[in-house]
Amino acid sequence: MLSVPYALSQGGWLSLALFVLVGAVCYYTGKLIVRCMQADDSVRTYPDIGQLAFGAHGRRAIGLVMYVELYLVAISFLILEGDNLDKLFHGTVVDLLGYRMHEKQLFVLVAAAVILPTTWLKNLNMLAYVSAVGLIASAALTASLVWAGVAEKRFRVKGSGLLNLSGLPTSLSLYFFCFAGHGVFPTVYSSMRKKKDFPKVLLISSVLCSLNYALTAVLGYLIYGDDVQAQVTLNLPSGRLYTRIAILTTLITPLAKYALVIQPITAAIDENLSVAAAETGQLTKVLTSTAVVVSTVVLACTVPFFGYLMSFIGSSLNVTVAVLFPCLSYLKIYKPKGGVRRVELVAIVGILMVGVCVAVVGTYTSLNQIIGSF
């Protein structure tokens, strides 16, 4: 959500039409995932769909993509924490063991130190409830932008670009990131009592999220125009009450969700290590979680480019999980049975072509941006 004003600035005002299109495509592919699950009652997770459609190779492929995606999201959480804490406490320097730590790197370490104990927990249910504060954070951010526009900028239209073709790959990649929750759809669907209500729930949540994202994008771009940063909270003036509220509420969500995000990664590592004994298993979990956290800290300090990282995740991984894999799995499962209508086939092929283009061009562009920033 923090990056949607930046995405709009990259693509121009007309890219909002593409934002709507991306939302519609991701809603449709979400329904395709449900159709794939309905083909076999044993399917409960996303890798299970890969197994059903493409066998063991499909399971491993989608599992790998999901784990890499989650790992990069964990890195982005630490970058977000470092950038926004630096906004609140700019200029902070600490000498630690003879090494002078500056601002963002210091705050990445602080955030990691707070997060680390949460990754050792056996039961993450408490964090799941805490992460629900993300709804409050979204509302607080939107309210802060309104407050900033009224108090500081008066909503002067600083962004004049209608369409920026060179920025469209970045813009589209970030738009896909907004709607890429497909990896958890099978889990949510499996846990519902009334599974027939899932399409309705998906539609309502997609519409509400779209409205919230669009409002934030428009407000941020109206106020800051082409000067909007990859995290719009970094544009808010320092020392203001609404800035503190927006940043503090924004910081809570990554702190709560980090452990939830890396849990599948650590679980997969522990499973591959074949840990049997309970005591040894808990110790291994602690060591594995600590190693994952340390590695993400190192990369967050090395590649501190939030917008470019989000663009890379959106183009290379989110498009795969949210667009390419659902469409290919659906065709593989249902086309041999004659369950795909001609109109539907044409629509899916069109979505696949667009998805491949976004994935290739967006990945190339984001990698160039990351490399060029060093």
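The side chains of D197 and K196 meet in a salt bridge, with 3.6 Å from N to O; the term denotes a side-chain nitrogen of Lys or Arg within 4 Å of a carboxyl oxygen of Asp or Glu. The model is a predicted one, in which local features need pLDDT of at least 70 and side-chain atom pairs count only at pLDDT 80 or more, whereas totals for chains, interfaces and linings use all residues. Residues are numbered from 1 along each chain as its sequence is written, and side-chain values use heavy atoms, with hydrogens and water left out.

**Salt bridges**

By the stated rule, the count comes to three salt bridges. They are listed below with the N to O separations.

| Acidic residue | Basic residue | Closest N and O atoms |
|---|---|---|
| D48 | R59 | 2.3 Å |
| D83 | K104 | 3.5 Å |
| D197 | K196 | 3.6 Å |

Solvent accessibility is classed by relative accessible area: buried is under 20%, exposed is over 50%, and partly exposed lies in between, for a 1.4 Å probe and protein chains only. D197 is partly exposed at 22%, and K196 is exposed at 67%. In the pair formed by R59 and D48, R59 is partly exposed at 32%, while D48 is buried at 16%.

The remaining pair joins D83 to K104. D83 belongs to helix 3 (residues 46-88) and K104 to helix 4 (residues 103-115), so this salt bridge ties together parts that are 21 residues apart in sequence. Helices here are DSSP runs of H or I with at least four residues, numbered from the N terminus. D83 is buried, at 7% relative accessible area; K104 is partly exposed, at 39%.

**Nonpolar cores**

A nonpolar core is a set of buried Ala, Val, Leu, Ile, Met, Phe, Trp, Tyr and Cys residues joined through side-chain atoms within 4.5 Å. The largest core has 79 residues, of which Y46, I49, L78, Y258 and V323 touch the most other members. Helix 12 (residues 306-334) gives the most to this core, with 16 residues. Apart from it lies another core of 17 residues, including L80, L85, A246 and I247.

Contacts, meaning heavy atoms within 4.5 Å, are given here without residues up to four places away in sequence. On that basis Y258 touches A74, F77, L78, I115, T119, V292, V293 and T296. T296 is found in helix 11 (residues 278-302) and is buried, with a relative accessible area of 0%. Its contacts, with the same sequence exclusion, are Y71, A74, I75, L78 and Y258.

**Helix 10**

Helix 10 (residues 241-273) comprises 33 residues, which at 1.5 Å a residue should span 48 Å; the end C-alpha atoms are 49 Å apart, in agreement. The expected span is 1.5 Å times one less than the number of residues. Helix 10 also contains a kink of about 40°, centred on K257, where the bend is the angle between axes fitted to the seven residues ending at a residue and the seven starting there.

**Cysteines**

A search of the whole structure finds zero disulfides, a disulfide being a pair of cysteine sulfur atoms within 2.5 Å. For C178, the closest cysteine sulfur is that of C209, 9.2 Å away and therefore too far for a bond. C178 is buried, with a relative accessible area of 15%, whereas C301 is partly exposed at 23%.

Key: Helix = DSSP H or I, 4+ residues; strand = E, 2+ residues; numbered from the N terminus.
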